[in-house]
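Welcome! Have a look at the sequence and the model below, then try the exercises at your own pace.

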Amino acid sequence: MAGFSSTKSATQFSIAIAATNMIMTIVAILIIDRFGRRRLLLVSFVGMIVGLVLLGIAFIFIVGLVKITKDSCGEYVK
(Lines give C-alpha, C1' and ligand atoms only; values in the text may rest on other atoms or scores of the structure.)
Protein backbone atom coordinates (compact mmCIF):
# COMPACT_ATOMS: atom_id res chain seq x y z
CA MET A 1 0.00 0.00 0.00
CA ALA A 2 1.35 3.39 -0.97
CA GLY A 3 2.53 5.47 1.96
CA PHE A 4 2.12 2.76 4.60
CA SER A 5 4.75 0.40 5.94
CA SER A 6 2.37 -2.55 6.04
CA THR A 7 -1.14 -3.62 5.10
CA LYS A 8 -2.02 -3.77 8.79
CA SER A 9 -1.25 -0.09 9.38
CA ALA A 10 -3.22 0.90 6.26
CA THR A 11 -6.20 -1.08 7.55
CA GLN A 12 -5.92 0.53 10.98
CA PHE A 13 -5.88 4.02 9.48
CA SER A 14 -8.89 3.18 7.30
CA ILE A 15 -10.82 1.92 10.33
CA ALA A 16 -9.89 5.03 12.34
CA ILE A 17 -11.04 7.32 9.53
CA ALA A 18 -14.31 5.40 9.11
CA ALA A 19 -14.98 5.51 12.87
CA THR A 20 -14.31 9.25 12.98
CA ASN A 21 -16.61 9.75 10.01
CA MET A 22 -19.39 7.77 11.71
CA ILE A 23 -19.06 9.65 15.01
CA MET A 24 -19.01 13.07 13.33
CA THR A 25 -22.05 12.13 11.23
CA ILE A 26 -23.99 11.39 14.40
CA VAL A 27 -22.80 14.66 15.94
CA ALA A 28 -23.86 16.56 12.80
CA ILE A 29 -27.32 14.98 12.87
CA LEU A 30 -27.76 16.01 16.51
CA ILE A 31 -26.57 19.57 15.82
CA ILE A 32 -28.87 19.92 12.81
CA ASP A 33 -31.83 18.63 14.82
CA ARG A 34 -31.08 20.99 17.68
CA PHE A 35 -30.41 24.25 15.81
CA GLY A 36 -32.17 23.75 12.47
CA ARG A 37 -30.86 23.76 8.94
CA ARG A 38 -31.76 27.33 8.10
CA ARG A 39 -30.04 28.84 11.13
CA LEU A 40 -26.89 26.77 10.54
CA LEU A 41 -26.90 27.75 6.87
CA LEU A 42 -27.15 31.47 7.67
CA VAL A 43 -24.46 31.32 10.36
CA SER A 44 -22.09 29.38 8.12
CA PHE A 45 -22.80 31.81 5.25
CA VAL A 46 -21.74 34.75 7.42
CA GLY A 47 -18.70 32.77 8.59
CA MET A 48 -17.67 32.08 5.01
CA ILE A 49 -17.99 35.75 4.06
CA VAL A 50 -15.86 36.82 7.04
CA GLY A 51 -13.27 34.14 6.28
CA LEU A 52 -13.00 35.08 2.61
CA VAL A 53 -12.67 38.79 3.44
CA LEU A 54 -9.89 38.02 5.94
CA LEU A 55 -8.17 35.80 3.37
CA GLY A 56 -8.35 38.60 0.80
CA ILE A 57 -6.88 41.08 3.27
CA ALA A 58 -4.08 38.62 4.08
CA PHE A 59 -3.25 38.25 0.38
CA ILE A 60 -3.15 42.03 0.01
CA PHE A 61 -0.67 42.26 2.90
CA ILE A 62 1.47 39.45 1.48
CA VAL A 63 1.48 40.36 -2.22
CA GLY A 64 0.27 43.95 -2.20
CA LEU A 65 -2.18 45.53 -4.58
CA VAL A 66 -1.12 44.55 -8.08
CA LYS A 67 -2.56 46.09 -11.19
CA ILE A 68 -3.34 43.26 -13.57
CA THR A 69 -2.65 44.08 -17.17
CA LYS A 70 -2.21 42.09 -20.33
CA ASP A 71 1.56 42.48 -20.00
CA SER A 72 1.69 41.24 -16.40
CA CYS A 73 -0.03 37.97 -17.27
CA GLY A 74 0.98 37.57 -20.88
CA GLU A 75 1.61 33.86 -20.56
CA TYR A 76 -2.04 33.32 -19.64
CA VAL A 77 -3.64 35.64 -22.17
CA LYS A 78 -3.29 34.63 -25.80
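Here are four short exercises, each with a worked solution.

This is a predicted model, where local features need pLDDT of at least 70, side-chain atom pairs count only at pLDDT 80 or more, and totals for chains, interfaces and linings use all residues. Residues are numbered from 1 along each chain as its sequence is written, and side-chain values use heavy atoms, leaving out hydrogens and water.

**Exercise 1.** Find how many helices and strands the chain has.

Solution. Start with the DSSP runs, numbered from the N terminus: helices are H or I with at least four residues, strands are E with at least two. The chain holds two helices and zero strands. Next, look just past each helix: Gly 36 follows α1 with a positive phi near 95°, and Gly 64, just after α2, has a positive phi of about 90°.

**Exercise 2.** Compare the span of each helix with its expected value.

Solution. The expected span is 1.5 Å times one less than the number of residues. For α1, 29 residues should span 42 Å, and the end C-alpha atoms are 42 Å apart, which agrees. For α2, 27 residues reach 38 Å from first C-alpha to last, close to the expected 39 Å.

**Exercise 3.** Work out how α1 and α2 cross and which residues meet.

Solution. Axes are lines fitted to C-alpha atoms over the stretch in contact, with angles from 0 to 180 degrees between N-to-C directions. The axes of α1 (residues 7-35) and α2 (residues 37-63) come within 6 Å and cross at roughly 100°. That makes α1 roughly perpendicular to α2 (65 to 115 degrees). Now list the contacts (heavy atoms within 4.5 Å): Ile 31, Ile 32 and Phe 35 of α1 meet Arg 37, Arg 39 and Leu 40 of α2.

**Exercise 4.** Is Ile 31 buried or exposed, or in between?

Solution. First place Ile 31: it lies in helix α1. Then apply the cut-offs: buried is under 20% relative accessible area, exposed over 50%, and partly exposed in between (1.4 Å probe, protein chains only). At 36% relative accessibility, Ile 31 counts as partly exposed. Finally, for the whole chain, buried residues make up 4% of the 78 residues.

Definitions and conventions. Parallel < 35°, antiparallel > 145°, perpendicular 65-115°, else oblique.
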